[in-house]
Amino acid sequence: MPKPRPLHQRYAREFWPAMAAYVAVMLLLWPLLPRVHGEWLKIALALLPVVPVLFAVRAMVRLVLGSDELEQRIHLIGLAVAATVVSTLSMAGGFLAAANIIKLDGSILLWVWPTLVVLYSAGRSWASRRYGGDGNVICNDGFAWHWRLLLLALVLTAVAWLGRNQLVDYQLGVLCGMSAVLAAWGLILAIARWRRRDDQEAP
Amino acid sequence: MNNNLRELRGEQSWSQADLAERLEVSRQTINAIETGKYDPSLPLAFKIARLFGRPIESIFVPGEE
């Protein structure tokens with residue numbers, strides 16, 4: 001297994017806690033919005049998910065700045081693909097809305113960032129393969145898969161436990177079920193890895 | 001542009017990862033240069049030449065136009 005790059009290890013350390021915080025804020029605090037009456041508190045709570053997203057963006061910027069010249073070119077191609085598709089879709093949607101053909105709610109803006117990230121990843125993957133890479137766009141080779149799955153399972157369990165009084169049974173069931181599946185998957189991968197390691201170390 | 005980076009690396013018995021570490025770039029970048037999929041910048045080309053103790057034109061040669 002190739003040695004993890006310190007750059008990717010740092011990225012994993014910075015990106016995943018930010019995303020875990022984002023999930024926790026969206027599932028636990030954002031649903032409280034209708035119950036909040038103070039105007040400033042409402043604004044603060046509505047904008048709260050932006051804070052962990054800014055930390056995730058910081059992690060991405062530091063990843064790009066620490067990348068070598070070919071990796072930076074691949075990032076640029078990914079960003080170009082994402083910017084082109086999202087801006088074209090926005091323009092098309094804007095024209096259709098202005099012509100009263102479709103109705104667009106302001107909350108559609110929430111989809112801009114996730115769409116950019118998904119298209120950026122797809123663009124990077126495509127560009128990486130063109131340069132003989134493996135299309136790994138998550139840049140988490142410093143963070144083994146079983147740890148990622150177990151961490152995600154832990155976050156979902158924590159969210160389910162913390163939100164047990166405000167989530168409905170269906171939401172609690174989904175969170176617990178996902179958590180159990182991810183934890184089981186992580187454990188299977190961890191056991192398989194330990195067994196492989198034992199086999200390699202055996203004389 | 002063509003290059004003989006793979007041969008030079010082989011003479012030193014370095015893996016792509018070893019060379020990447022010495023040049024402070026990713027292994028993918030070394031692989032892309034060796035396979036001719038990517039031409040390095042001038043600073044990186046000079047760094048490669050310095051590492052192998054050879055003139056830059058003995059490592060990188062212009063390809064057919």
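Which residues have the most contacts inside the largest nonpolar core? They are Leu70(A), Leu5(B), Ala20(B), Ile30(B), Ala32(B), Ile33(B) and Tyr38(B). The core has 13 residues. This is a predicted model, and it scores ipTM 0.90 and pTM 0.73.

**The cores**

- Four helices each supply at least two residues of the largest core: H4 (69-98) of chain A, and H1 (5-11), H2 (16-23) and H3 of chain B.
- H3(B) gives the most to this core, with three residues.
- A second core stands separate from it and holds nine residues.
- Ala153(A), Val155(A), Leu156(A) and Ala160(A) are included in that second core.
- Leu5(B) belongs to the largest core. Setting aside neighbours within four places in sequence, Leu5(B) is in contact with Ile33(B), Glu34(B), Ile48(B) and Ile59(B).

**Where the chains touch**

- Eight residues of chain A are in contact with 13 residues of chain B.
- On the chain B side, helix H3 (residues 27-34) brings the largest share, five residues.
- That side of chain B is made up of five nonpolar, six polar and two charged residues.
- H3 of chain B thus appears twice: it gives the largest share of the side that touches chain A, and it gives the most to the largest core.

**Chain B: fold and size**

- Chain B has five helices and two strands.
- Along the sequence they follow the pattern β-α-α-α-α-α-β.
- The C-alpha trace of chain B spans about 30 × 25 × 20 Å along its principal axes.
- A compact globule of 65 residues would have a radius of gyration near 11 Å, and chain B agrees because its own value is 11 Å.
- Of the 65 residues of chain B, 25% count as buried.
- Take the contacts in chain B with a separation of 6 or more: 50% of them join residues 24 or more positions apart.

**Chain A: domains**

- The domain assignment divides chain A into domain 1 (1-66), domain 2 (68-138) and domain 3 (144-203).
- The centres of domain 1 of chain A and domain 2 of chain A, taken over C-alpha atoms, are 20 Å apart.

**Confidence**

- Chain B has a mean pLDDT of 93.
- In chain B, 97% of the residues reach a pLDDT of 70 or more.

How values were computed: Residues numbered from 1 in each chain as written. Chains lettered and ligands numbered in written order. Predicted model: local features only at pLDDT ≥ 70, side-chain atom pairs only at ≥ 80, totals over all residues. Domains from an automatic or database assignment. Contact = placed C-beta atoms within 7 Å. Nonpolar A, V, L, I, M, F, W, Y, C, P; charged D, E, K, R; others polar. pLDDT = per-residue confidence, 0-100. Core = buried A, V, L, I, M, F, W, Y, C linked by C-beta atoms within 7 Å. Buried ≥ 20, exposed ≤ 12 C-beta atoms within 10 Å, placed from the backbone. Rg over C-alpha atoms; globule rule 2.2 N^0.38 Å.
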